[in-house]
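Student: I'd like to talk through the charged pairs in this protein. Could we look at it together?

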Amino acid sequence: MAKLRMKFIKEDQAAWISHLDLMRTFQRCFLRAGLTVKHSQGFHPHPLMSILLPLSVGQSSVCELLDFETVEDVDTEALIRSMNEGMPAGIRVLECYDVTRPVRELKVLHARVEFEYDNGVPADAEDKLRELFGRESIIIQKRTKRKAMADVDIRPMLADVVFSEEENKLVLTVRVQAQDPGLNPALLAAAVEKELPELKPDFVRVRRLALLDGEGAEFR
């Protein structure tokens with residue numbers, strides 16, 4: 001019996017796979033690999049597996065983590081090979097190892113946020129956004145766990161923003177609070193739309209780059 005953590009990539013067309021479908025994908029791949037995942041007890045047993053901080057649909061990542069429990073010892077290298085043979089395009093398992101750290105130690109998301117503008121990045125956009133995200137308070141409307149909308153100050157959850165510009169894109173490399181509460185980096189665009197509507201991007205892309213602990217080291 002083992003408690004394992006699997007690191008995987010989710011990108012390209014796979015970014016549009018929902019959380020539930022992604023869980024089903026892993027369950028099917030585990031079955032094809034001949035792995036028996038431990039199930040809960042009771043009238044409706046379910047596999048003991050979970051994705052840490054599931055991505056929003058449309059976002060990509062090079063650092064997703066899946067925790068699961070098995071009923072037998074596992075050759076992790078063989079499991080990785082078998083899983084990747086059955087995965088859909090855009091999903092690839094990178095590592096599989098014993099769980100040694102609790103999820104509560106995951107503190108920071110490091111992500112790349114692309115603001116795309118069909119007609120090119122507006123003049124002075126970087127300066128205006130730098131001023132916006134440097135404010136002491138940034139209030140936006142955010143949906144709560146009860147599905148209601150509420151005013152939320154996202155500034156305390158925004159640790160760092162670095163700007164760069166590419167063709168028709170303003171790129172924000174950010175570090176945001178991961179949980180309790182966490183900030184979805186896509187909500188930075190909501191702040192722009194509310195405070196600087198003339199700089200609202202035509203499209204927003206989010207790519208997770210790393211999951212970090214409170215010291216800024218990789219969370220594993």
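**Salt bridges in the predicted model**

Tutor: Gladly! This is a predicted model, and R135 in it counts as partly exposed, with a relative accessibility of 26%.

Student: Which side chain does R135 meet in a salt bridge?

Tutor: R135 sits in the loop between α3 (125-133) and β6 (139-143), and its partner lies in helix α4 (residues 187-195), so the pair ties together parts that are 60 residues apart in sequence. That partner is partly exposed at 29% relative accessibility. The N to O distance is 3.2 Å, and the partner is E195.

Student: Nice. Which residues are joined into one network by salt bridges that share partners?

Tutor: Let's start from one pair: E114 and R112 form a salt bridge, with their closest N and O atoms 2.8 Å apart. E114 is buried at 10% relative accessible area, whereas R112 is partly exposed at 23%. Shared partners then build the network of R112, E114, E166 and K169.

Student: Is R208 buried or exposed?

Tutor: R208 lies in strand β10 (residues 203-212) and E64 in strand β3 (residues 60-70), so their salt bridge ties together parts that are 144 residues apart in sequence. The closest N and O atoms of this pair are 3.1 Å apart. E64 is buried, with a relative accessible area of 2%. The cut-off for buried is under 20%, and R208, at 7%, is buried.

Student: And how many salt bridges are there in the whole structure?

Tutor: We have met several by name, including R208 with E64. A search of the whole structure gives a total of 18.

Notes:
Residues numbered from 1 in each chain as written. Predicted model: local features only at pLDDT ≥ 70, side-chain atom pairs only at ≥ 80, totals over all residues. Heavy atoms only, no water. Salt bridge = Lys/Arg side-chain N within 4 Å of Asp/Glu carboxyl O. Helix = DSSP H or I, 4+ residues; strand = E, 2+ residues; numbered from the N terminus. Buried < 20%, exposed > 50% of the residue type's maximum accessible area, 1.4 Å probe, protein only.
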